[in-house]
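Colleague: Please take a close look at one part of this model, the nonpolar core, and the cysteines in and around that part. I am a first-year student, so a plain account, step by step, would suit me.

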Amino acid sequence: MIVVTLILSIVAWASAKSKLFCDLACAHDYVPVCGSNGQTYDNKCMCDCRGATFAHKGVCKADAEPNVDDSTTQAP
């Protein structure tokens, strides 16, 4: 049980370190790109650093469209 806890702790630490590394390694310029995972990244460096594959320039379609919830619309 201790070994499993240790492994999970190391994985969590590595994930946090990876995010921190990307934040330090990449410029903070906002030139949005879409990753093949459907997530918008601030720039191509952040996309690459986070391990995503570059799909296209600009925000991802899901991020660009407003989320409309029809369940709140009332009928007359």
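**The nonpolar core and the cysteines**

Modeller: Seven residues, C22, C26, V33, Y41, M46, C47 and A52, make up the largest nonpolar core, which has 7 residues. Keep in mind that this is a predicted model. In soluble globular proteins, nonpolar side chains tend to be buried together. I will take the cysteines of the core in turn, then the remaining disulfide, the strands and the salt bridges.

Start with C22, which is one of the core residues. C22 counts as buried because its relative accessibility is 0%, and buried means under 20%. C22 forms a disulfide with C49, and the two sulfur atoms are 2.0 Å apart. The torsion about this S-S bond is about -95°, so the disulfide of C22 and C49 is left-handed. C22 lies in helix α1 (residues 2-25) and C49 in helix α2 (residues 44-49), so this pair ties together parts that are 27 residues apart in sequence. The partner, C49, is partly exposed, with a relative accessible area of 24%.

C26 is also listed in the core. With a relative accessibility of 4%, C26 counts as buried. C26 forms a disulfide with C45, again with the sulfur atoms 2.0 Å apart. Here the torsion about the S-S bond is about -75°, so the disulfide of C26 and C45 is left-handed. The pair links distant parts of the chain, 19 residues apart: C26 sits in the loop between α1 and β1 (33-35), while C45 sits in helix α2. C45 counts as partly exposed, at 35% relative accessibility. Setting aside residues up to four places away in sequence, C26 touches N43, C45, M46 and C49. C45 in that list is the disulfide partner of C26, and M46 belongs to the core.

What about C47, another member of the core? C47 is buried too, at 0% relative accessibility. Numbering the bonded cysteines of the chain in sequence order gives the pairing 1-5, 2-4, 3-6. C47 is in no disulfide, and the nearest cysteine sulfur, that of C34, is 8.0 Å away. A disulfide requires sulfur atoms within 2.5 Å.

The count of disulfides comes to 3. The one not yet described joins C34 and C60, with sulfur atoms 2.1 Å apart. The torsion about the S-S bond of C34 and C60 is about 110°, so this disulfide is right-handed. The pair links distant parts of the chain, with C34 in strand β1 and C60 in the loop between β3 (54-57) and α3 (61-64), 26 residues apart. C34 counts as buried at 6% relative accessibility, and C60 is buried as well, with a relative accessible area of 2%.

C60 leads to T40, in strand β2 (residues 40-41). A polar atom of the T40 side chain lies 2.9 Å from the backbone nitrogen of C60. Leaving aside neighbours within four places in sequence, T40 is in contact with P32, V33, V59, C60 and D63. V33 in that list is a core residue.

The strands form an open sheet of 3, in the order β2-β1-β3, with antiparallel pairing. β2 and β3 are the edge strands, each pairing on one side only. β1 and β3 run antiparallel and are joined by 3 bridges. V33 stands opposite K57 in β3.

Last come the salt bridges, of which the whole structure has 2. D23 forms one with R50, the closest N and O atoms being 3.4 Å apart. D23 lies in helix α1 and R50 in the loop between α2 and β3, so this pair ties together parts that are 27 residues apart in sequence. D23 is partly exposed at 23% relative accessibility, and R50 is partly exposed with a relative accessible area of 33%. The other salt bridge joins D48 and K44, with the closest N and O atoms 3.0 Å apart. D48 and K44 both lie in helix α2, 4 residues apart, about one turn of the helix. D48 counts as partly exposed at 39% relative accessibility, and K44 is partly exposed with a relative accessible area of 40%.

Technical notes:
Residues numbered from 1 in each chain as written. Predicted model: local features only at pLDDT ≥ 70, side-chain atom pairs only at ≥ 80, totals over all residues. Heavy atoms only, no water. Helix = DSSP H or I, 4+ residues; strand = E, 2+ residues; numbered from the N terminus. Polar contact = N/O pair within 3.5 Å; in protein donor to acceptor, adjacent residues only side chain to side chain. Contact = heavy atoms within 4.5 Å. Buried < 20%, exposed > 50% of the residue type's maximum accessible area, 1.4 Å probe, protein only. Core = buried A, V, L, I, M, F, W, Y, C linked by side-chain atoms within 4.5 Å. Pairing = 2+ DSSP bridges. Salt bridge = Lys/Arg side-chain N within 4 Å of Asp/Glu carboxyl O.
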